[in-house]
Amino acid sequence: MDITVLWRALAAFGTIGLVALIVLWNGWLSPVQNFPRSIEIAILAAPLLFFIRGVLHGQRDTFIAVMLLSFIYVLIGIWYIYSPEEKLYGYLMLFLSLCLFFGSLLNVWILDKRDKLQNS
């Protein structure tokens with residue numbers, strides 16, 4: 001089994017998990033909602049939806065872009081951790097965005113290493 005499959009699966013778990021968490025939490029589970037649900041779901045989930053296909057197909061450039069995007073979700077997760085009503089949401093978002101980041105980082109690292117070995 002190729003090791004990149006493991007890291008690609010971790011990145012896919014993070015991406016799809018974040019989309020599902022955002023839709024479920026803001027659609028049904030949110031105890032307090034100060035902003036319209038549909039707009040919050042669209043703002044938070046839409047950037048991830050553009051990258052799902054590239055992550056699932058293992059495209060290197062997509063992993064680099066999604067790695068940078070995951071930093072935004074790390075910050076949002078930390079922000080929600082400090083809100084008493086949405087602490088669980090913050091921890092889950094932080095966990096999934098770190099899965100996305102490390103899965104993408106290690107996948108790009110292995111793909112670059114493999115390309116250097118093939119070109120030399």
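Me: How much area does the protein expose, and what share of it do carbon and sulfur atoms supply?

Reply: This is a predicted model, in which local features need pLDDT of at least 70 and side-chain atom pairs count only at pLDDT 80 or more, while totals for chains, interfaces and linings use all residues. Residues are numbered from 1 along each chain as its sequence is written, and side-chain values use heavy atoms, with hydrogens and water left out. Accessible areas come from the Shrake-Rupley method with a 1.4 Å probe, and for residues only the protein chains shown count as cover. The protein exposes about 7,200 Å², and the part supplied by carbon and sulfur atoms is 72%.

Me: How many helices and how many strands does the secondary structure of the protein come to?

Reply: Helices (H or I, at least four residues) and strands (E, at least two) are DSSP runs, numbered from the N terminus. From the N terminus on, the elements run α-α-α-α-α, and the C-alpha atoms fill a box of roughly 55 × 25 × 25 Å along the principal axes. The totals are therefore 5 helices and 0 strands.

Me: Which residues of the largest nonpolar core touch the most other members?

Reply: A nonpolar core is a set of buried Ala, Val, Leu, Ile, Met, Phe, Trp, Tyr and Cys residues joined through side-chain atoms within 4.5 Å, where buried means under 20% relative accessible area, exposed over 50%, and partly exposed in between (1.4 Å probe, protein chains only). The residues of this core that touch the most other members, out of 24, are Leu18, Ile22, Leu48, Tyr73, Tyr89 and Met93.

Me: Which residues does Leu18 touch, not counting residues up to four places away in sequence?

Reply: Contact here means heavy atoms within 4.5 Å. With residues up to four places away in sequence set aside, the partners of Leu18 are Leu48, Tyr73, Met93, Leu96, Ser97 and Leu100.

Me: What covers the buried residues of H4?

Reply: H4 has 22 residues and reaches 31 Å from its first C-alpha to its last, close to the 32 Å expected, the expected span being 1.5 Å times one less than the number of residues. Its buried residues include Phe63, Met67, Tyr73 and Ile81. The cover over the buried residues of H4 includes H1, H2, helix H3 (52-57) and H5.

Me: Is Leu24 buried, exposed or partly exposed?

Reply: Leu24 lies in helix H1 and joins Val23, Trp28 and Leu29 in a nonpolar patch on the surface, with about 430 Å² of accessible area together. Nonpolar patches are made of residues with over 30% relative accessible area and no salt bridge, the side chains (Val, Leu, Ile, Met, Phe, Trp, Tyr) being joined within 5 Å, whereas like charges are joined within 9 Å. Because its relative accessibility is 42%, Leu24 counts as partly exposed.

Me: Which residues are linked in a network of salt bridges?

Reply: A salt bridge is a side-chain nitrogen of Lys or Arg within 4 Å of a carboxyl oxygen of Asp or Glu, and the count comes to 3. One of them joins the side chains of Arg114 and Asp2 at 2.9 Å, N to O. Arg60 forms a salt bridge with Asp61, the closest N and O atoms being 3.5 Å apart, and another with Asp112, at 2.6 Å. The linked residues are Arg60, Asp61 and Asp112.
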